[in-house]
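This report deals with empty space in a protein structure and with the residues around that space. The sequence and structure come first.

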Amino acid sequence: MRLLIFGLGYTAQHLADRLRKDGWRVTGTSRDGRAGTIRFDDTDAVRREIAVATHVLSSVPPANEADPVLATYGADLDRLGGWRGYLSSTGVYGDANGAWVDETTPTGTGRRSARAEADAAWLAAGAHVFRLPGIYGPGRSPLDRVASGAAHRIEAPGQVFSRCHVEDIVAGVIAGVNGPAGAYNLSDDLPASQNDVVDFAARLLGMAPPPFVALETLSPMAQGFYAENRRVANGKAKRVLYWSPRYPDYRAGLRALKAMTSPPTTSAAPAPASVDQR
């Protein structure tokens, strides 16, 4: 199998690493053509990869109110066919006032209209569209933010978000390779307050919880994040793709990440020395 990934970012890189272990040939693009990737605007090189790819996945977000991949290479993809995937965002659902949303919920009602339009365009092209919530994993989690002093808490009663460990997203995309096209929410089973997640991360690290800060002191992007409140349902991916998150809530996910960086516990005495030690 040969996969071409547009936008070899954090999640896509984890997917590429996993598939290469399974024997796939994976090629990725980047804006600058960094080592091991093809520059996105090197159209000749990209089109050569499209021509031999059995699968194509895009993780490129909209730019200037358009989807760069479909705008530049959409005709090539249509001509050659094959499996297509798109890493979208649960932000397409907008604010639900804390209610549950699933794949039947209307999209395009929130602040991310360009993302919703790209999401719809990929669906219309017959793609597998994976709608992702907050992504965390090795090197990119509340543990890292708390440890670095970059974490904070916000007074936002009733505010909840959904999230998903990057390994579970990778597993969901792989499950989608043999599943029907359409939209799938890949999220864990427990939407939760960001404050609860940060508090738990601090306890795991043995640190005091970070301070509360005023919402208006955050960047416009961060303020927009807190302007939406929803719970993301993952039932369709479970039913149709036979996928289930290995880390069903943030506690399981953060404990696993903490274990990755903690020294192993010695459960047996060391082997006797081969020579007399004095």
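Helix H6 supplies the largest share of the lining of the second largest pocket, 5 residues. The model is a predicted one. Two elements give two or more residues to the lining of this pocket: helix H1, spanning 10–21, and helix H6, spanning 166–177. The full lining of the second largest pocket consists of His14, Asp17, Arg18, Lys21, Val166, Glu167, Asp168, Val170, Ala171 and Arg246. The space in this pocket comes to about 220 Å³.

Besides this pocket, the structure contains 3 cavities of 30 Å³ or more. For the largest cavity, the volume is about 50 Å³. Around the largest cavity lie Leu3, Leu15, Leu19, Trp24, His55, Leu57, Trp83, Val173 and Val177. At least two residues of this lining come from each of H1, strand S4 (55–58) and H6. Helices H1 and H6 thus appear again, having also given two or more residues each to the second largest pocket.

The table sets out the two linings by residue class.

| Space | Nonpolar | Polar | Charged |
|---|---|---|---|
| Second largest pocket | 3 residues | 1 residue | 6 residues |
| Largest cavity | 8 residues | 1 residue | no residues |

Which class is absent from the lining of the largest cavity? Charged residues are absent there, and 8 nonpolar residues and 1 polar residue make up the lining. In the second largest pocket, 6 charged residues take part in the lining, among them Asp17, Arg18 and Lys21.

Definitions and conventions. Residues are numbered from 1 along each chain as its sequence is written. This is a predicted model: local features need pLDDT of at least 70, side-chain atom pairs count only at pLDDT 80 or more; totals for chains, interfaces and linings use all residues. Side-chain values use heavy atoms; hydrogens and water are left out. On a 1 Å grid over the protein atoms alone, a cavity is a set of points where a 1.4 Å probe fits but cannot get out, and a pocket is an open set with protein on both sides within 12 Å along at least five of seven lines; lining residues have an atom within 4 Å of a point. Grid points are joined across faces, edges and corners, and a volume is the space filled by probe spheres set on the points. Helices (H or I, at least four residues) and strands (E, at least two) are DSSP runs, numbered from the N terminus.
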